[in-house]
Structure formats: structure tokens, C-alpha cells
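The following note sets out points for a colleague who is examining this model. Please read each point with the sequence and the structure in view.

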Amino acid sequence: MHPSRADRFCESVIREMTRLAISYRAVNLAQGFPDFPCPDELKMAACEAIHDDINQYAITWGSQGLRSALAKRVFQYNHLDYNPDTGITVTCGSTEAMMATMLALIVPGDRVIVPEPFYENYGPDTLISGADPCFVPLGEDFSIDEEAWKEAFSEKTRAIVLNTPNNPTGKVYTIRELRFIADLCIDYDVIAVTDEIYEHILYDGRTHTSIGSLDGMTDRTVTIGSFSKTYSVTGWRVGYALADEALTGKIRKIHDFLTVGAPAPLQEACIAALGLPETYYMELASLYDRKRKILFSGLREAGFRCSLPEGAYYIFTDISDFHMADREFAEYLVKEIGVAAVPGSSFFTNGGEDRLRFTFSKKDETLVEACRRLKKITG
Ligand code: PLP
């Protein structure tokens, strides 16, 4: 068969691990989705919208109600000031927001910087859009090597893809780091595309900063968000892209022809999500803090080297003590131990064979059962 774009990258390892987990009845700590319900308010609002006959296409860039509610929310939480009519595009999850943004901004051959390790989708996203990806490694402790980052920026660089809080590392970029990146973006006329899907999942008093809120970044940032993780509705497929009018115009064009729009009744239910009280977000963070600690101690007891993440809901472990490469070890875990995790190499272009990623976005009892099974590794 004639080769096509699809031949340039592999299938998603994360989603493949979920399929393996199902076929081996393993506890799925591979893919980051909750096995507990979303808030009742959201379920009721979704059912109500369907009963109220909101079942036809919404406006392609999102229902007026949702865009207005989002404008208020991101002004208050992210300190981003976007007009709902010209700066907000509702998409089919942040996955589509990222793809639509790349297709909208990139001319084939443009260089796009991606800090490594990175969320698996960004690799294929750059290749599908025709970008020339430039992967900049984070340090062992996930710190930024400023000299290496300065070298990565050039006249050819069109965009940088950021993700804070970060999947898989759990890193939360500090304001100082974001200011350093923002200054490089300004110096080299680069657009920051920032995936902030875990913005509410932060630990130990950390706070979230959107790079788009820093001085000089308003018209050179696309901020991507989603309802998936904050409201435990990963299957609803509702996300959004925030950008100035010029960038939004391009993103909306691509979004329209890719999807026509996000699910209309679920957009209504997302308005109800944005109406939840502030205590909801505090409870979400403390719920995940508890889960983080359950999995962390289970992994340590089972012999994994790891540290507590600063944000998001993953633990990125060092498996070098087990003397098996990531894929082989992940397969052994799923088939013999009954726990699915993601091989570390799927977050790198080169390397990561000494790592596995586990999610703790699961009920406490699921995590306890996974930890019980993991003890079998050490016998
Ligand atoms: N971005 C990151 C960093 C993720 O970890 C995930 C899912 O795990 C996604 C995007 C996908 O989000 P959505 O469900 O909004 O498409």
C-alpha cells in the first residue's frame, strides 16, 4: 500500500495498554481516567439537556452559554481575559484543541519545541501537522537546563508545546521557569501552546500559572484546557482553546472542518460544571492527594524508585532496579502481576526504557488492590 502520514508514527501505547489490561483482567493504572463517577450535577445537566432537545449541532466554535461561562472562569482562575465571541473555541477534548492548533499554526517544516519527556500525543501531533519537532530534555529531576533551552530556540522555531502540571513527570512549572520560557518566545517570535488540563490537580500548596497571563504573552499563547480531568468526564470529549482573535480565527477554521463541533448536550452540562462551588476544586485536589499517597507507598513497598508528583495524577517510576526494559516489564506486570502501567519509552523519542508510569486516578480500593498485587513482584 502507498505510504501515508499514518505510517510515520506508531499506535498509542497508552491506549494499547488499556486494551491489554482488559484482556488480562489487570487493574488498569495505565490510562489516566477515573473509575469513579463524575459529579451528580453534571449527570443531571447532561440528561436534562438531552430531554430539552439540545441534540443538534451547536455553533461550530461552541455554544454561546459555554463560551461565556468559560470566559468568566478563565478570567478568575487563570487571569486570562478572552472575549467569548472572538477568543474561545470549544473543541472535542484538549486532544482536538492541540491538533487543531498545530494544523492552524504550522507550515510544514516549521520547528516546534517539545520538552521531553512529553505526553505521548504531542509526537504524532507534530508529525501530522508537518512540523519538525525539536525535543529538549528536562533534567533528571525534571528541571530546565537554561543553556540547552536557549540553544533550542532559533529563527525556524514557530511554537513550543508546554504542559503544566505535567504528564508524565508531575512537574509544575514555576513562575520563574515560565517567565524564562516566555522571554525566549518573545525574543524569537514563538507561540506557546500550553496544555493545562491538570490545572486543578496540584499538591502541597502549589499554585497554577498560565504562561498566557504573563506580560507580553497574550497574543502569542494558545491555552488549552478540558473538562476531562477536572470534572471526571474523559468520555465526554469537551475541551477548549483560548487565543487572541487572529489565532482563534485560524484555529476555528481547522476545528470546523475537522469536527463541526463538540457534543451539544454535553456542552450544556459543562456550563453546570463551571457553576460548581470553589470547594469542589479544593476537594478534588485533596482527593487526589490521598490517592497519590496510597499509590506512592504501594510502589515503594514493591521496590519502585519514585518521588511524589507536584501535580497531575501520575507517578513516573524508575525501574532500573528490576533489570528489565520498560516494555518487557510492563508486559510482565499486566500478564503475571495483574497491573497495567505505561512503558516509559512512550514519553520519549529516545530513552525512557528505565521508567514506567502509573496513574492514581482510581478509587481507593482499586489502588489498594493494585498495590496488593504489586507486592507479588518482590515475592
Ligand atoms: N493532555 C494531557 C497532558 C493528557 O494527559 C491527556 C489525557 O491523558 C490529554 C491531553 C487528553 O485530554 P482530553 O480528554 O481533553 O482530550
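1. Helix 11 in this predicted model has as its buried residues D326, F329, A330, L333, V334 and I337. Around the helix axis they cover an arc of only 130°, and therefore they sit on the same side of helix 11.

2. The partners of that side can be named. The buried residues of helix 11 pack against helix 1 and helix 12, and also against strand 10, strand 11 and strand 12. Just after helix 11 comes G338, whose phi is positive at about 85°.

3. Helix 1, which spans residues 13-23, may be read in the same manner. V13, I14, M17, T18, L20 and A21 are its buried residues. Viewed down the axis of helix 1, these residues fall within an arc of 165°, so they line one face of the helix. On the other side of helix 1, I22 and S23 are exposed.

4. What do the buried residues of helix 1 pack against? Their partners are helix 11 (326-337), strand 1 (27-28), strand 10 (339-340), strand 11 (342-343) and strand 12 (355-359). The packing between helix 1 and helix 11 thus appears from the side of helix 1 as well as from the side of helix 11.

5. Both ends of helix 1 merit a remark. At its start, a side-chain oxygen of S12 reaches to within 3.3 Å of the backbone nitrogen of I14. Just after the helix, R25 takes a positive phi of about 50°.

6. Helix 12 (residues 364-374), one of the partners of helix 11, contains L367. Is L367 buried or exposed? Its relative accessibility is 0%, and because buried means under 20%, L367 counts as buried. Not counting residues up to four places away in sequence, L367 touches L29, K291, I294, T359, F360 and K362. The C-alpha atoms of L367 and V339 lie 10 Å apart in space, while the two residues are 28 residues apart in sequence.

7. The ligand site is a separate matter. The ligand is surrounded by 15 residues, of which T95, D195, Y198, S226 and S228 are the closest. By class, this shell has 5 nonpolar, 7 polar and 3 charged residues. Helix 4 (residues 93-105) gives the most to the shell, with 3 residues.

8. Which side chains place a polar atom 2.7 Å from an oxygen atom of the ligand? K229 does so, and R237 does so too. For Y198, a polar side-chain atom lies 2.6 Å from an oxygen atom of the ligand. Taken alone, the ligand exposes 400 Å², and the protein buries 93% of that area.

9. H208 is located in the loop between strand 6 (191-195) and strand 7 (221-226). The relative accessibility of H208 is 11%, and H208 therefore counts as buried. The side chain of H208 makes a polar contact of 2.8 Å with the side chain of E196. Leaving aside residues up to four places away in sequence, H208 touches Y77, N78, T164, P165, E196, E199 and L202. E196 is thus named both in the polar contact and among the residues that H208 touches.

Technical notes: Residues are numbered from 1 along each chain as its sequence is written. This is a predicted model: local features need pLDDT of at least 70, side-chain atom pairs count only at pLDDT 80 or more; totals for chains, interfaces and linings use all residues. Side-chain values use heavy atoms; hydrogens and water are left out. Buried means under 20% relative accessible area, exposed over 50%, partly exposed in between (1.4 Å probe, protein chains only). Helices (H or I, at least four residues) and strands (E, at least two) are DSSP runs, numbered from the N terminus. The arc is that of the directions from the helix axis to the C-beta atoms. Contact means heavy atoms within 4.5 Å. A polar contact is a pair of N or O atoms within 3.5 Å; within protein, one must be able to donate a hydrogen and the other to accept it, and residues adjacent in sequence count only if both atoms are side-chain atoms. A residue is near a molecule or strand if one of its heavy atoms lies within 4 Å of it. Accessible areas come from the Shrake-Rupley method with a 1.4 Å probe; for residues, only the protein chains shown count as cover. Ala, Val, Leu, Ile, Met, Phe, Trp, Tyr, Cys and Pro count as nonpolar, Asp, Glu, Lys and Arg as charged, and the others, Gly among them, as polar.
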